[in-house]
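User: I am new to this structure and should like to understand the reasons behind the terms applied to it. Please take them in turn.

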Amino acid sequence: MCEAIFCATLGYAVHAAPFAASTAMVTQSGAAKNEPAKIVTDETGRRVTIPANLKRIVTLAPNLTETIYALGLEERLAGDTDYCDTPPAAKLKPHVGGAQNPSLEAIVALHPDLVLATTSINRIETVDGLAKVGIAVYTTDPQTVRGMLESTARIAGLMEAEAQGSALVAKLQARLGAVSARLADIAPVHALFVVWEDPLITIGQNTFIADAMRWAGAESVILSQQKWPHISFEEVVRLQPEYVVFASDHAGFGAEELGALRSREAWKQLRAVELGHIAVISEEINRPSPGLVDAIEQLAREVHPEVFRAAENGKVKTENGHGQRQMTRANFGVQELQGLKPQAFGERVLSRLKPRPTNLTDMRAAL
């Protein structure tokens, strides 16, 4: 459960370099086969030799599995991780273990033509271990919403499915464009995105989650160059964010739960809580995959409800109801919690952290 929560948000394990597309037809050598192959440069700068015709792939992160299904290429998916659950059909595929500790033996047994990894959760040791036994690994590195779209298109290209990739990306871009058009003249709200509650961890400016929030018309109340800064609740009270955002698979947010949150000595100090400005959105916000656009649309409706009501009523509204805001934002610079840097979020660290509750009833106990 802990690893599933942190997939695609914590654990920057594979060092990334600028992507440079480079392909060349070569002949793959080996005693068992001699078939056409191509050399590609993945998003970390590694040159990888892969078969020209990919028939069997293994994905090592939930966002990659979701992308394969979104492209309609699931028949080529030979296996995925224990935490790949979107769509539900992904749970029926053979599993190779966790994203950070997959079984190399299980991967090899599936005879993949290619393994897909990502910098957001997979470890460099996994990539190196597979390379040593002759299995090609292509690593993605989406750091923004546009980066997610580009990775989606590249994966489609690897699998000779450019048409599906172009169609999917165009559809996602159109949806993002529609959200941007509605929010074009709207000032962003300032929000606290809760990654982890004990200790309290939020997002830095350079994460794909922060970028997704900007697409939805929200800005993090915390300014930090670190990806996952640790903050005190006293600082949150001082900043008074307009919205508090949680990611959860919890389907609803009832009045009873909101009342319980307001009763908490710490949380009731936030005006956002008193006003009911709590956005509980899909966990898709945690994954740089096509479902991220769903989460952006949902968050935009949560933090700018009057804009979408006005648009649905055929009206044009250029004021978001909050008036002119003089919002304090904290610049945390390098004040990241020592010992909890992204690369440290492996299984040992995860086991020491409390799982993030999926509803506010559980959250009351956690706080």
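Analyst: A residue is called buried under 20% relative accessible area, exposed over 50%, and partly exposed in between. The model to which this is applied here is a predicted one.

User: What makes aspartate 128 count as buried, exposed or partly exposed?

Analyst: Aspartate 128 has a relative accessibility of 30%. Because partly exposed covers the values between 20% and 50%, aspartate 128 counts as partly exposed.

User: Why is the contact between arginine 46 and aspartate 128 called a salt bridge?

Analyst: The term requires a side-chain nitrogen of Lys or Arg within 4 Å of a carboxyl oxygen of Asp or Glu. For arginine 46 and aspartate 128 the N to O distance is 2.6 Å, so the pair meets the definition. Arginine 46 lies in the loop between β2 and β3, and aspartate 128 in helix α4, so the salt bridge ties together parts that are 82 residues apart in sequence. Arginine 46, at 28% relative accessibility, is likewise partly exposed.

User: Which residues of helix α4 are buried, and how do you know on which side of α4 they lie?

Analyst: In α4, residues 124-132, the buried ones are Thr126, Val127, Gly129 and Leu130. They span an arc of only 165 degrees around the axis, and therefore lie on the same side of α4. Their cover includes α3, β6 and β7.

User: What makes lysine 38 and glutamate 160 a salt bridge, and is each of the two buried or partly exposed?

Analyst: Their closest N and O atoms are 2.9 Å apart, so they fall within the 4 Å limit. Lysine 38 lies in strand β2 and glutamate 160 in the loop between α5 and α6, so the pair connects parts 122 residues apart in sequence. Lysine 38 has a relative accessible area of 9% and is buried, whereas glutamate 160, with 46%, is partly exposed.

User: How do you know that glutamate 66 and arginine 287 form a salt bridge, and are they buried or exposed?

Analyst: The N to O distance is 3.8 Å, so this pair also satisfies the 4 Å cut-off. Glutamate 66 is buried at 7% relative accessible area, and arginine 287 is buried at 9%. Glutamate 66 belongs to helix α2 and arginine 287 to the loop between β14 and α11, 221 residues apart.

User: How many salt bridges does the structure hold?

Analyst: The structure holds eleven salt bridges.

Terms used
Residues are numbered from 1 along each chain as its sequence is written. This is a predicted model: local features need pLDDT of at least 70, side-chain atom pairs count only at pLDDT 80 or more; totals for chains, interfaces and linings use all residues. Side-chain values use heavy atoms; hydrogens and water are left out. Buried means under 20% relative accessible area, exposed over 50%, partly exposed in between (1.4 Å probe, protein chains only). Helices (H or I, at least four residues) and strands (E, at least two) are DSSP runs, numbered from the N terminus. The arc is that of the directions from the helix axis to the C-beta atoms. Contact means heavy atoms within 4.5 Å.
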